[in-house]
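I opened a fresh page for this one and kept my notes short. Here is what I looked up, in the order I looked.

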Amino acid sequence: MNLQDISHLITGSAQPKLNQKNLNSFMVPYPPLELQNEFYEKVEKIEEQRKVFESSLLELENLYHALLQKSFRGELFSEEEVSII
């Protein structure tokens, strides 16, 4: 709506207003159904990918925290490996 000039629909000079009758006469353009469906399919694919990424991120965070806990408890390396370092 921001891209279309609706000044011809506005009435009143001191208090500009858009009444119901004029608003109802305003035509809102929309793409053909085929393009709407194509857009919907793309959005669905993106949403599926987002869910996979969110799940992967959660798993990575859990693994990181588990590794961090093992590190603090000294369980990351055996005593032999620590003595080599």
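**Entry 1: overall form**

What radius of gyration does the protein chain have, and what would a compact globule of 85 residues have? I found 30 Å for the protein chain, against a value near 12 Å for the globule. I should say at once that this is a predicted model.

Next I looked at the extents. The C-alpha trace spans about 85 × 40 × 20 Å along its principal axes. I also checked burial, and 4% of the 85 residues count as buried. The accessible surface comes to about 8,400 Å², and carbon and sulfur atoms hold 59% of that surface.

**Entry 2: elements and confidence**

I counted 3 helices and 0 strands, and the pattern along the sequence reads α-α-α.

Then I turned to confidence. The mean pLDDT of the protein chain is 87, with 92% of the residues at 70 or more. Which elements have the lowest and the highest mean pLDDT? Helix H3 (residues 79-84) has the lowest, at 70, and helix H2 (residues 33-73) has the highest, at 96. I left myself a reminder that predicted coordinates should not be read in detail where pLDDT is low.

**Entry 3: along helix H2**

I spent a while on H2. This helix has 41 residues, and from its first C-alpha to its last it reaches 60 Å. That is close to the 60 Å expected at 1.5 Å a residue. Gly74 follows H2, and I noted its positive phi, near 75 degrees.

**Entry 4: charged pairs**

How many salt bridges does a search of the whole structure find? My search gave 4. As background, side chains of opposite charge can pair when their charged atoms come close.

I began with Lys42 and Glu38, whose side chains meet in a salt bridge at 3.6 Å, N to O. The two are separated by about one helical turn, because they sit 4 residues apart in helix H2. Glu38 has a relative accessible area of 35%, so this residue is partly exposed.

Arg50 and Glu47 came next. Their closest N and O atoms are 2.7 Å apart, and they form a salt bridge. Here the spacing is 3 residues in helix H2, so again about one helical turn lies between Arg50 and Glu47. Both turned out to be partly exposed: Arg50 has 34% relative accessibility and Glu47 has a relative accessible area of 30%. I followed the partners onward and found that shared salt bridges join Glu47, Arg50 and Glu54 into one network.

Glu54 also lies in helix H2. With 44% relative accessibility, Glu54 counts as partly exposed.

I then went to Arg73 and Glu75, whose side chains meet in a salt bridge at 3.2 Å, N to O. Glu75 is partly exposed, with a relative accessible area of 46%. To place this pair against the network, I took the C-alpha separation of Glu54 and Arg73, which is 29 Å over 19 residues of sequence.

**Entry 5: around Leu9 and Asn22**

Is Leu9 buried or exposed? Leu9 is buried, because its relative accessible area of 9% falls under the 20% cut-off. This residue is found in the segment before H1. Setting aside residues up to four places away in sequence, Leu9 touches Lys17, Leu18, Asn22, Ser25 and Phe26.

One of these partners, Asn22, got a closer look. Asn22 is found in helix H1 (residues 20-25). At 17% relative accessibility, Asn22 counts as buried. With the same sequence neighbours left out, Asn22 touches Leu9 and Thr11.

**Entry 6: distances across the chain**

My last lookups were long-range ones. Leu9 and Glu47 are 39 Å apart in space, C-alpha to C-alpha, with their positions 38 residues apart in sequence. Where is Glu80 found? I located Glu80 in helix H3. Its relative accessible area is 64%, so Glu80 is exposed. From Glu80 to Ala14 the C-alpha atoms are separated by 87 Å, the two being 66 residues apart along the chain. I will keep in mind that Glu80 sits in the helix with the lowest mean pLDDT.

Technical notes: Residues numbered from 1 in each chain as written. Predicted model: local features only at pLDDT ≥ 70, side-chain atom pairs only at ≥ 80, totals over all residues. Heavy atoms only, no water. pLDDT = per-residue confidence, 0-100. Expected span 1.5 Å × (residues − 1). Buried < 20%, exposed > 50% of the residue type's maximum accessible area, 1.4 Å probe, protein only. Contact = heavy atoms within 4.5 Å. Rg over C-alpha atoms; globule rule 2.2 N^0.38 Å. Areas by Shrake-Rupley, 256 points an atom, 1.4 Å probe, with all protein chains shown as cover.
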